[in-house]
Amino acid sequence: MSTTENTTPTVGAKAQARFVRITPMKVRRVVDMVRGKNVQEAIHILTFAPQGASEQVLKTLKSAVANARQKADQASVAFDERLLVVTEAYVDEGPTMKRFRPRAQGRASRILKRSSHITLYVAQPERKDGGR
């Protein structure tokens with residue numbers, strides 16, 4: 001008997017929020033709080049986090065959970081949202097809009113309006129014992 005027959009199939013999904021108009025540095029602070037956490041715990045953390053980026057990360061996390069539920073329904077696999085864990089979470093830099101602000105003595109200074117791509121993966125951890 002191979003080892004793949006003993007493990008239960010894992011349900012995992014991915015969600016992306018692209019071109020979010022928040023700087024990647026600010027979003028990374030929020031994403032670092034939920035990486036590796038249980039989904040329910042991560043939702044509670046993001047709900048009460050004071051950072052503005054937590055709303056976008058929460059929206060992306062809920063989308064990833066819905067994607068996992070949909071994948072489980074299509075594969076006819078038992079799905080329990082309480083077992084999901086944020087396995088991967090990262091923020092990439094999106095395109096930067098460049099704007100100019102007038103300054104003294106006819107000069108101009110550049111303003112960089114940065115954007116982010118938020119990616120979250122959720123999955124049920126594999127059980128090696130095959131139990132509940």
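How many bridges join β1 to β5, and do the two strands run parallel or antiparallel? The views below come from a predicted model, and the pairing of these strands is taken up in the second legend.

**View 1. The whole chain, for orientation.** Here we have four helices and five strands, laid out from the N terminus as α-β-α-α-α-β-β-β-β. Of the 132 residues, 30% count as buried. The contacts reach a long way along the chain: among those between residues at least 6 apart in sequence, 73% link residues at least 24 apart. As for the outside, the accessible surface comes to about 8,700 Å², and carbon and sulfur atoms account for 49% of that.

**View 2. The three-stranded open sheet, in the order β1-β5-β2.** Pairing in this sheet is antiparallel. β1 and β2 are the edge strands, each pairing on one side only. From one strand to the next, the twist averages 10°. Back to the opening question: seven bridges join β1 to β5, and the two run antiparallel. If you want a spot to zoom in on, try Gly12, which stands opposite Ala123 in β5.

**View 3. Two helices lying across the sheet strands.** α2 lies across β2 and β5, and its direction makes an angle of about 170° with β2. α4 lies across β1, β2 and β5, running at about 145° to β1.

**View 4. Helix α2 and its two faces.** Which residues of α2 are buried? Within this helix (residues 24-34), they are Pro24, Val27, Val30, Val31 and Val34. They sit on the same side of α2 because they cover an arc of only 125° around the axis. The general rule behind such a pattern is that an α-helix has 3.6 residues a turn, so residues three or four places apart point the same way. The face turned away from the buried side carries the exposed residues Met25, Lys26 and Arg29. What do the buried residues of α2 pack against? Their partners are α3 (39-48), α4 (53-75), β2 (85-93) and β5 (116-123). After the helix comes Gly36, with a positive phi near 85°.

**View 5. The largest nonpolar core, and Val57 within it.** This core has 29 residues, and those with the most contacts inside it are Val27, Val57, Leu61, Ile118 and Val122. The elements giving two or more residues to the core are β1 (12-20), α2, α3, α4, β2 and β5. α4 gives the most, with eight residues. In soluble globular proteins, nonpolar side chains tend to be buried together. Zoom in on Val57 and, leaving out residues up to four places away in sequence, you'll find that Val57 touches Val27, Val30, Val31, Leu46, Ile118 and Leu120. Of these, Val27, Val30 and Val31 are among the buried residues of α2.

**View 6. Lys113 and its contacts from elsewhere in the chain.** Lys113 belongs to strand β4 (residues 108-113). Is Lys113 buried or partly exposed? Its relative accessible area is 32%, so Lys113 counts as partly exposed. Setting aside neighbours within four places in sequence, Lys113 is in contact with Arg21, Pro95, Thr96, Met97 and Arg99. One to pick out is Arg21: Lys113 and Arg21 are 92 residues apart along the chain, yet their C-alpha atoms are separated by 7.7 Å.

Technical notes: Residues are numbered from 1 along each chain as its sequence is written. This is a predicted model: local features need pLDDT of at least 70, side-chain atom pairs count only at pLDDT 80 or more; totals for chains, interfaces and linings use all residues. Side-chain values use heavy atoms; hydrogens and water are left out. Buried means under 20% relative accessible area, exposed over 50%, partly exposed in between (1.4 Å probe, protein chains only). The arc is that of the directions from the helix axis to the C-beta atoms. Contact means heavy atoms within 4.5 Å. A nonpolar core is a set of buried Ala, Val, Leu, Ile, Met, Phe, Trp, Tyr and Cys residues joined through side-chain atoms within 4.5 Å. Accessible areas come from the Shrake-Rupley method with a 1.4 Å probe; for residues, only the protein chains shown count as cover. Two strands pair if DSSP finds at least two bridges between them. Axes are lines fitted to C-alpha atoms, for helices over the stretch in contact, and angles run from 0 to 180 degrees between N-to-C directions.
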